[in-house]
Amino acid sequence: MPELPEVEITRRGIEPHLAQRTITGVVVRHRGLRWPVPRNLGSILKGAQIRSVARRAKYLLLDCGKGTLILHLGMSGSLRVVPAAETPGPYDHFDLGVGEVAVRLRDPRRFGAVLWHSGDPARHPLLAHLGVEPLSGAFTGRVLHAASRGRRVGAKQLLMDHRLVVGIGNIYANESLFRARIHPRAPARRLSLARCERLAEAVRSTLEDALAAGGSSLRDFVQSDGSPGYFQQHYFVYDRAGEPCRVCGTPIRRVVQGQRATYHCPACQRA
Ligand SMILES: [Zn+2]
């Protein structure tokens, strides 16, 4: 599943091809995504100029002046820049054409989204209640600390609460907690300010390392070689049950927390 770093790398990959360009064609091959693609999308978009390509949480926002095209990659989606005339594959459900090239959505499981919003995108129902961006200056240990008081959840569930902070999925929650040396089940309400600051810093460095790793895959995705554009990384704990901790050698432990697999080092992350 594309996580926030993949979405940000995707944004950086498509931006030079789309920003300040005029939309010349829209092709919808399958309307049945997570929500139906609007029927009149082609007539809305054709001739519009894309002013900017932004991101909010895992949503890509293409500002078209009179409104915003909102894209989400869902569970299995990817965007690639292809020659507009390239023959589509069976899962290539949507093309946004800008002259000779198109940005093409491939989404085998069809949980992605292509939506149009004519008002302020920040007030769209999917975006209106989202928390702070983890890579922005607004995400601090103090914010985490204030939000965790009185919350009867574990530290991991706190990080994955998108009303507090967006875009931290299961992988990055596990990895950030390891870096901060905090047990995933540690009661959020008892985390000290110092530990919250360590955790916010760990989230930031984990995501920034992922972005750096993903930067090298950018070339693949604009060259449209068919690869999904997600990147492999060197995880500390995620999906490493039974393998030795990269810091202390203790076997990594897997438990299920809130129906999601949680990985931690019982020595580095004491309860
Ligand atoms: Zn360890």
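Trainee: Why is D107 said to have no salt bridge?

Mentor: A salt bridge requires a side-chain nitrogen of Lys or Arg within 4 Å of a carboxyl oxygen of Asp or Glu. The nearest side chain of opposite charge to D107 is that of R109, 7.2 Å away, where Lys and Arg count as positive, Asp and Glu as negative, and His and the chain ends are not counted. Set against the 4 Å limit, D107 therefore has no such partner, although D107 is buried, a word reserved for under 20% relative accessible area, with exposed meaning over 50% and partly exposed what lies in between, for a 1.4 Å probe and protein chains only.

Trainee: On what kind of model does this rest?

Mentor: This is a predicted model, in which local features need pLDDT of at least 70 and side-chain atom pairs count only at pLDDT 80 or more, while totals for chains, interfaces and linings use all residues. Residues are numbered from 1 along each chain as its sequence is written, and side-chain values use heavy atoms, with hydrogens and water left out.

Trainee: Where does D107 lie, and which residues does it touch?

Mentor: D107 is in the loop between β7 (101–106) and β8 (113–117), the strands being DSSP runs of E with at least two residues and the helices runs of H or I with at least four, numbered from the N terminus. Not counting residues up to four places away in sequence, D107 touches L73, S76, G77, Y91, H93 and G112, a contact being heavy atoms within 4.5 Å.

Trainee: What makes the pair D92 and R106 a salt bridge, and what does the pair tie together?

Mentor: The closest N and O atoms of D92 and R106 are 2.8 Å apart, which satisfies the definition. D92 belongs to strand β6 (residues 92–98) and R106 to strand β7, so the pair ties together parts that are 14 residues apart in sequence. D92 has a relative accessible area of 2% and is therefore buried, whereas R106, at 24%, counts as partly exposed.

Trainee: How do you know whether D95 is buried or exposed, and which residue is its salt-bridge partner?

Mentor: D95 has 4% relative accessibility and so counts as buried. Its partner is R104, with the closest N and O atoms 2.8 Å apart, and R104 is itself buried, at 1%.

Trainee: How many salt bridges does the whole structure hold, and which residues are linked in a network?

Mentor: The search finds 14, and a network of salt bridges links E8, R11, R12, E15, R55, R56 and E133.

Trainee: What makes the arrangement around the zinc ion tetrahedral?

Mentor: The protein donors are the SG atoms of C245, C248, C265 and C268, 2.3 to 2.4 Å from the ion, and donors are N, O and S atoms within 2.8 Å of the metal (3.2 Å for Na, K and Ca), with water not among the atoms, so sites may look incomplete. Four donors count as tetrahedral if all angles lie between 85 and 135 degrees, and the four atoms here subtend 101 to 113 degrees, so the label applies. For comparison, the ideal angle for four tetrahedral donors is 109.5 degrees. The donor residues are spaced C-x2-C-x16-C-x2-C in sequence.

Trainee: Are C248 and C268 buried or partly exposed?

Mentor: C248 has a relative accessible area of 39% and is thus partly exposed, while C268, at 18%, counts as buried.

Trainee: Why is helix α5 described as largely enclosed?

Mentor: Nine of the 10 residues of α5 (residues 170–179) are buried, so the rest of the structure largely encloses the helix; among them are I171, Y172, L177 and F178.

Trainee: What sets R181, which follows α5, apart in its backbone?

Mentor: R181 has a positive phi of about 55 degrees although it is not a glycine. Most residues other than glycine have a negative phi. R181 sits in the loop between α5 and α6 (193–215) and is partly exposed, at 45%.

Trainee: Why does the radius of gyration of the chain agree with that of a compact globule?

Mentor: The radius is taken over C-alpha atoms, and the globule rule is 2.2 Å times the number of residues to the power 0.38. For 271 residues the rule gives a value near 18 Å, and the chain has 20 Å, which agrees. The C-alpha trace spans about 55 × 35 × 30 Å along its principal axes, and buried residues make up 48% of the chain.

How values were computed:
Four donors count as tetrahedral if all angles lie between 85 and 135 degrees; four count as square planar and six as octahedral if opposite donors are over 155 degrees apart and all others between 65 and 115; anything else is irregular.
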